[in-house]
Structure formats: structure tokens, C-alpha cells
Amino acid sequence: MGEVRAKKALGQHFLTDKNIARKICDALGGGTPDAPCDVLEVGCGTGVLTQFLLRRDDIVTWGAEIDTESVAYLRNRYPEFVPRLLEGDFLRMDLASLFPHGLRVIGNFPYNISSQIFFKILACRDRIPECVGMVQREVAVRIAEPPGSREYGILSVLLQAWYDIEYLFTVNETVFDPPPKVKSAVIRLRRNGVRSLDCDEALFVRVVKAAFGQRRKMLRNALRAAFGDFGGAEHPFFARRAEQLSVDEFVDLTRWVTAHAASAPCSAER
């Protein structure tokens, strides 16, 4: 079996540095040798990270790989991995059926779908206690940044509502084949203690998206564009911008919108 060609359409940049692969592997928690937990590697590529995951006895390593060339390579290189190598699109996989007892997620995530991967993790948050992923540095910064930062945005708020985020380390372009044009970074998400938000959670998402949809505007104008004029009522946060609000403040704002926007429960925006 020959080498795998990186495909631009799939956002592939194969990691070649084994020391970094080992660090990524070591950053992920696990179970015990007597009770290993399931781990799904998203985008196995040429198996540089996979080889270290397979050596751990406290996890059961699964893989999700959409590239048929990579799948054939991995099956040939790691025959013990074949029964748990899932060929297909991670974004379309039914994780509840595949992993009824939950799973951890890890990977050198394809750059072109990294945000979508995190949104899927968010949707499955009650069965994914931890995720370690390498992404573009700007995406990692955006996810990990606190309120007040220019990079703080929709994904920051939604992920930080449910996970503790750690920016672990930066990765230079030279350790990939082909080298990307940007630096990468590894981040870790660990599920926090929040089981439910003290507000309508679907509306919370809509409020966050509406607020950042016009992030240069004061919240008064950004939210009125989505929910109307609130009968002329004013919230103290209306004189601030979206990037200045913490998760808890967005929860408070969502409760206020519930009480003041007649269209909130049935607006077409989801």
C-alpha cells in the first residue's frame, strides 16, 4: 500500500511529528485497564496519532475517516484497528447508537470542518465528557478566549457554557505534510458541572447568534433586528456589545428576552 495523498478538498494536512502526536495522545483522559473507555479519533489520516492511541490500555480506540485512500492505508498498516475503523463522515454519524455509553473525541481535525465538529460535540455534550483537538490556531483562540476579546464569539459562548476550555500548545506549520499556511494549536474541552442552563436553551442559542450576527452594534440594535422592539423595554446590557457578555450574562439576557419578546417562542430563526 502506497503513501496517502493529502486532499485539499478534505482539508487534509497530515501531522508528521511523532512527538507532537504523543503529546496530543497524552493530553486525553481515559478509563482504566480493567474498564477502558471508548475514544473516537476524527480524521485518522496516515495514523500518526492513531499508533499512540492504540498503545494505551485504558481506552478502546475507534476511528472515523471519510477518505477511502486513508481507510485502505490504515487497514493495511493497523490490522487490529480494522473492526473499529468507521469509514464515513463523522458529521453524519449517529454517535448515540454507535456509543451508547459515551465517548471521548480526539483528532487532528480537518481545518475546513473544525467548527462543524465542535458544533456536533456540543449537540452530543451529554455523552462526550472530553475532547482534545488540533485546529487552526485562530479557531483555538476563538474557542478559548474570555469575554472582552475581539476573538470571543458564538462558538466561544456556546462551548464555554458546557465545557471548560484549555489552550494547550501551539503547533508550527513545518510539522505537517503539506504545510498549512497558518499555525495550529491543540485545545482540550472537559465537560463542566452544568447540566442545564437557567433559561430556555434553544432561545439562548438564538440570542447568542443574533447578538454576534451584528457584533459591531450595541445589543439593543442587534437583538431588536431579530426579536422586535420588546415593547419599548430596555435591558441594562443593551448599551454593551456581544463580545462583552459572559455566559452567565447571556443566560440572564435570554430570560429577559423570554419575558419581553412576544415572538421569542415561535420565531422562525433557530
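In this predicted model, the number of disulfides comes to zero. A disulfide is a covalent bond between the sulfur atoms of two cysteines. Here two such sulfur atoms are counted as a disulfide if they lie within 2.5 Å of each other. The sulfur of C44 does not meet this limit, because the closest cysteine sulfur, which belongs to C25, is 13 Å away and thus too far for a bond. C124 likewise takes part in no disulfide, for the nearest cysteine sulfur, that of C131, lies at 12 Å.

The surroundings of these two cysteines can also be described. C44 has a relative accessibility of 5% and therefore counts as buried. C124 has a relative accessible area of 17%, so this residue is buried as well; the cut-off for the term is under 20%.

Attention may now turn to strand β2, which spans residues 37–42. This strand is mostly covered, with five of its six residues buried. Strand β2 has pairing partners that include strand β3, formed by residues 59–65. These two strands run in the parallel sense and are joined over six bridges. One of the residues involved is V39, whose bridge partner in β3 is T61.

The path between these strands includes a helix. Together, β2, helix α2 (residues 50–55) and β3 make up a β-α-β unit, and this unit is right-handed.

Strand β2 also pairs with strand β5, which comprises residues 104–108. This pairing is again in the parallel sense, and three bridges hold its place in the count. Within it, E41 has I106 of β5 as its bridge partner.

Methods: Residues numbered from 1 in each chain as written. Predicted model: local features only at pLDDT ≥ 70, side-chain atom pairs only at ≥ 80, totals over all residues. Heavy atoms only, no water. Buried < 20%, exposed > 50% of the residue type's maximum accessible area, 1.4 Å probe, protein only. Helix = DSSP H or I, 4+ residues; strand = E, 2+ residues; numbered from the N terminus. Pairing = 2+ DSSP bridges. Right-handed = clockwise from strand over helix to strand, strands pointing away.
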